[in-house]
Amino acid sequence: MACRTVFNKCFYGNERPVGWFLSTRGIKNLTPPPNYGNIEIPEKGKPKYMDKVPQPWGNVKMPKMIKNLRFMRGPEEIHNSLIHKQYGIVALGGGRLKFGHFEMIRLTIGRKMDTSRMFTVWRVDPPWQPVTRKGQGQRMGGGKGAIDHYVTPVKAGRVIIELAGKCEFDEVKGFLGIVAHNLPFKAMVVSHEMMEKQKKIDEAKERANINPYTFEFIIKNNMGNCHSWIKRIDHFYFGKYV
């Protein structure tokens, strides 16, 4: 009794009846739901089918091509942000997407998403780069092999597919994570807020760095004769990409 009386004096400023309590159970401070009034859902919101082989122009035969690893190295400088500013899958490293990967993305997202309030947008081109391969058991020589399949090269930071609509991040994170896990390179599911937050963190780290001898400074000034052992790509990206 004495403890309850002291509590009433301290909390309310005066003494209350001994049997009086302030009930707070069930009181919640819920945030209002987001407003989706400005979002228009297209008629066909599922990922569209991507051609396995690029369509030639007239009777022009598709030319063969070398590996061109430069198509996969370095950062993506154009398709590195979300158009609809909601959710998507971003590549964390370089790689190649085959036709089977496009089908995996299309079928997985098409089964899981709610087409009445969600839609998707491809942010990569259909397979266009030819990959040649010789038949099994052939000897070396004899010229370049025939075209075996086509791929789409992807750089780090490239948005693979974008999902938007009247939905929350927790609703789409599950099946987008399945797609990101099955890609041939490291990828992650992101939202627009996550990407903006990461940009601010990276900028803050660069401003907070008080060490003048960065890897970029060392390479540009050839300190320790580093030009004799660094990779050629380090001259352009300064150790950030392999």
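Student: Which residues does phenylalanine 238 touch, not counting residues up to four places away in sequence?

Tutor: In this predicted model, phenylalanine 238 touches Phe215, Glu216, Ile219, Lys220 and Ile233, once residues up to four places away in sequence are set aside. Phenylalanine 238 itself is found in the segment after α6, and its C-alpha atom lies 49 Å from that of asparagine 29, with the two positions 209 residues apart in sequence.

Student: What makes these pairs count as contacts?

Tutor: The criterion is that heavy atoms come within 4.5 Å, and Phe215, Glu216, Ile219, Lys220 and Ile233 are the residues listed for phenylalanine 238 beyond four places in sequence.

Student: How confident is the predictor, in pLDDT, across the protein chain?

Tutor: The protein chain averages a pLDDT of 88, and 90% of the residues score at least 70. Over residues 1–9, however, pLDDT stays under 50, and for that stretch the model has 11 contacts beyond four places in sequence.

Student: Why is α2 called roughly antiparallel to α3?

Tutor: Helix α2, residues 99–112, and helix α3, residues 169–181, pack at an angle of about 170°, with their axes 10 Å apart. Because angles over 145 degrees count as roughly antiparallel, the value of about 170° makes α2 roughly antiparallel to α3. The crossing of the two helices is right-handed.

Student: Which residues meet where α2 and α3 are in contact, and how do they divide into nonpolar, polar and charged?

Tutor: From α2 come Met104, Ile105, Thr108, Ile109 and Lys112, and these meet Phe175, Leu176 and Val179 of α3. The residues of this contact divide into six nonpolar, one polar and one charged. Lys belongs to the charged class, whereas Met, Ile, Phe, Leu and Val count as nonpolar.

Student: Why is threonine 108 called buried?

Tutor: Threonine 108 has a relative accessible area of 15%, and since buried means under 20%, the residue is called buried. Threonine 108 lies in helix α2, and, leaving aside neighbours within four places in sequence, it is in contact with Phe175 and Val179.

Student: What makes phenylalanine 99 count as buried?

Tutor: The relative accessibility of phenylalanine 99 is 18%, and because the limit for buried is under 20%, phenylalanine 99 counts as buried. This residue is also found in helix α2. Not counting residues up to four places away in sequence, phenylalanine 99 touches Tyr49, Met50, Asp51, Lys52, Pro127 and Tyr150. Aspartate 170, by contrast, is 71 residues away along the chain, and the C-alpha atoms of the two residues are separated by 29 Å.

Student: Why is proline 126 called partly exposed?

Tutor: Proline 126 has a relative accessible area of 34%, and because partly exposed covers values between the limits of 20% and 50%, proline 126 is called partly exposed. Proline 126 is found in the loop between β3 (118–122) and β4 (129–133), where it is in contact with Met50, Asp51, Phe102 and Thr152, leaving aside neighbours within four places in sequence. Proline 126 and valine 151 are 25 residues apart in sequence, yet 7.9 Å apart in space, C-alpha to C-alpha.

Student: What makes lysine 197 exposed?

Tutor: Its relative accessible area is 58%, and since exposed means over 50%, lysine 197 is called exposed. Lysine 197 has its place in helix α4, residues 192–208, and its C-alpha atom is 43 Å from that of proline 63, which is 134 residues away in sequence.

Student: What is notable about the phi of asparagine 222 and of asparagine 225?

Tutor: Most residues other than glycine have a negative phi. Asparagine 222, however, has a positive phi near 50°, and asparagine 225 has a positive phi of about 55° although it is not a glycine. Asparagine 222 lies in the loop between α5 (215–220) and α6 (234–237), and asparagine 225 lies in the loop between α5 and α6.

Student: How do you know that asparagine 222 and asparagine 225 are partly exposed?

Tutor: Partly exposed lies between the limits of 20% and 50%, so asparagine 222, at 29% relative accessibility, counts as partly exposed, and asparagine 225, at 46%, counts as partly exposed as well.

Technical notes. Residues are numbered from 1 along each chain as its sequence is written. This is a predicted model: local features need pLDDT of at least 70, side-chain atom pairs count only at pLDDT 80 or more; totals for chains, interfaces and linings use all residues. Side-chain values use heavy atoms; hydrogens and water are left out. Axes are lines fitted to C-alpha atoms, for helices over the stretch in contact, and angles run from 0 to 180 degrees between N-to-C directions. Helices (H or I, at least four residues) and strands (E, at least two) are DSSP runs, numbered from the N terminus. Angles under 35 degrees count as roughly parallel, over 145 as roughly antiparallel, 65 to 115 as roughly perpendicular and the rest as oblique. A crossing is left-handed if the near helix is turned anticlockwise from the far one by less than a right angle, and right-handed if clockwise. Buried means under 20% relative accessible area, exposed over 50%, partly exposed in between (1.4 Å probe, protein chains only). pLDDT is the predictor's confidence in each residue, from 0 to 100.
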